[in-house]
Amino acid sequence: MFSSQHLCRLFSGDITDYHRFIDELFSRRVADVFSDIPFYRDHLASKGLTPADFRGISDLSKLPVVDRRTLQSRPVETFVSAAALAAGLPSPAYTSGTSGEPLQLYASRDFYIASFHLMQLAYGGSVPFTASCLSEVDRVLPEQDDCQVHFIARSNSVAQLFERLKEIRPQVALLGPRRWRKLVERYGHELADLNLVVAGAAGAASTPEERAYLSGFVGCPVVDMYGATELGGAIFECPRGREHVLAHHNYLEILDDDGNPAAPGHSGNLVWTALDNSIMPLIRYQIGDTGQFAVDQECDCGWNGPIVQGVGGKAREKIVFPTGMTLNAFKLNVEVHRTPGPPLFDDYRFRQAEADLIRLSAVRSNDFSEDMLGDLLSRIEKLLGGHVRLELVWVDAIDQPMDKPVYFVSLEQSRREAAAGAGAPVTP
Ligand SMILES: [Zn+2]
């Protein structure tokens with residue numbers, strides 16, 4: 001329907017054309033997909049609305065905000081287009097399930113290549129190209145505009161992943177920062193032989209300091225990317241180091257806890273609408289992460305997507321101070337990853353073990369530096385503002401999932417675990 005070339009031109013061309021395109025795309029999606037999904041068909045009927053009431057993206061607020069629980073409390077078909085169901089569904093994807101029961105998802109990948117297309121060109125590459133990212137299983141998407149996307153199964157070891165990348169020889173590779181760190185640790189400057197044009201670090205708590213360090217080994221820019229199994233790619237870092245939303249792929253609203261738009265510069269809940277998925281698009285989906293629109297929306301990179309910042313912290317992951325005040329726990333993780341140069345820890349986890357105690361369990365890395373550790377601890381103490389004590393415990397290993405590492409355990413969770421396993425050894 002849309003070539004990736006066409007989308008790339010829109011995203012980097014006149015901003016008025018881009019906005020007009022989003023409006024048209026949205027109203028078309030309501031007419032040809034959204035109104036054919038039982039959950040939304042019922043909503044439209046109950047409100048006396050028809051697709052004609054959705055003329056532009058500003059009408060999006062006529063649809064309800066949903067979250068993971070909304071989806072899990074109903075059969076999956078409730079959120080699947082009736083036409084897609086009749087035509088036969090592709091094999092489903094599942095979210096990792098580290099934050100609850102896995103979600104069953106069906107996606108079309110109409111614009112998938114377009115996202116990589118943008119990144120590839122912005123960082124000096126050319127078309128056609130090959131991109132690699134991770135998935136549940138090894139597979140290749142059908143070629144589009146001579147471009148290819150190879151998925152590599154998450155179950156591959158670091159060594160197998162490196163071998164697969166050498167075979168596929170992609171120009172763009174997207175992996176979690178944790179995997180990039182493991183690759184750097186094991187293969188160092190050999191990674192430059194992959195000849196990547198751009199490497200995406202898709203995952204929470206990645207920082208410019210850490211990406212600069214990784215980049216020295218990978219031999220190309222390592223840039224931040226925010227995506228999710230539910231969405232695909234949604235936010236990419238431009239060559240100026242700013243985070244742009246791929247709004248034609250996944251449209252973003254940032255709402256406060258009352259469901260009103262958060263003002264630029266103020267954090268709120270990320271609420272996504274997939275404009276590219278014609279099978280099971282998540283519409284006004286509150287994913288559980290927070291972030292904010294930047295006050296300054298001007299960027300001379302030439303990309304049209306809205307600019308966001310501070311994205312990634314899980315809304316529910318909070319440190320609760322004895323005074324009742326809270327702090328987004330994500331800030332602790334960010335501090336760890338802000339350490340310049342090699343990582344201090346092979347692994348780590350914060351746990352609010354008591355109302356006034358945060359325990360940092362860490363596995364010392366080979367490149368550990370006492371000075372850097374001192375700096376890190378004082379940055380963290382500053383964040384905690386004297387409300388909570390910090391205790392560092394060195395451990396040999398942490399049982400950590402590779403792609404969705406758990407870097408913080410809340411007080412509530414610690415108490416639940418303590419109640420469930422009284423007398424059991426304390427886990428990090
Ligand atoms: Zn930019």
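1. Which residue in strand 6 is the bridge partner of S132? The partner is H150. This note concerns a predicted model, and the pair just named belongs to the contact between strand 4 (residues 130-135) and strand 6 (residues 148-153), which are joined in the parallel sense over six bridges.

2. H150 also takes part in a second pairing, since V140 stands opposite H150 in strand 6. Here strand 5 (residues 139-140) and strand 6 are paired in the antiparallel sense, over two bridges. As for the surroundings of strand 6, five of its six residues are buried, and the strand is mostly covered.

3. Helix 8 (residues 177-187) is largely enclosed by the rest of the structure because nine of its eleven residues are buried. Charged and aromatic names appear in the list of buried positions, which reads P177, R178, R179, W180, R181, K182, L183, V184 and Y187. After the helix comes G188, with a positive phi near 50°.

4. The zinc ion has four protein donors: C238 (SG), H244 (NE2), C299 (SG) and C301 (SG), at 2.1 to 2.3 Å from the ion. Along the chain, these donors follow the spacing C-x5-H-x54-C-x1-C. Why is the arrangement described as tetrahedral? The four donor atoms subtend angles of 102 to 118° around the zinc ion, and this makes the arrangement tetrahedral. For comparison, the ideal angle for four tetrahedral donors is 109.5 degrees. One of the donors, C299, has a relative accessible area of 18% and is therefore buried, the cut-off being under 20%.

5. An open sheet is formed by four strands in the order 20-19-18-21, with mixed pairing. Strand 20 and strand 21 (408-409) stand at the edges; each has a single partner strand, so one side of each is left without a neighbour in the sheet. Helix 10 (residues 330-337) packs on this sheet and touches strand 18 and strand 19, and its direction makes about 155° with that of strand 18.

6. At one edge, strand 21 runs parallel to strand 18 (residues 345-354), and two bridges join them. F350 has F408 in strand 21 as its bridge partner.

7. At the other edge, strand 20 (residues 389-394) is joined to strand 19 (residues 357-364) by six bridges, and the two run parallel. Within this pairing, I358 has L390 in strand 20 as its bridge partner. Together with helix 11 (residues 370-384), strand 19 and strand 20 make a β-α-β unit, which is right-handed.

Terms used
Residues numbered from 1 in each chain as written. Predicted model: local features only at pLDDT ≥ 70, side-chain atom pairs only at ≥ 80, totals over all residues. Heavy atoms only, no water. Pairing = 2+ DSSP bridges. Right-handed = clockwise from strand over helix to strand, strands pointing away. Buried < 20%, exposed > 50% of the residue type's maximum accessible area, 1.4 Å probe, protein only. Donors = N, O, S within 2.8 Å, 3.2 Å for Na, K, Ca; no water. Tetrahedral: all angles 85-135°; square planar, octahedral: opposite > 155°, others 65-115°. Contact = heavy atoms within 4.5 Å. Axes fitted to C-alpha atoms, helices over the stretch in contact; angles between N-to-C directions.
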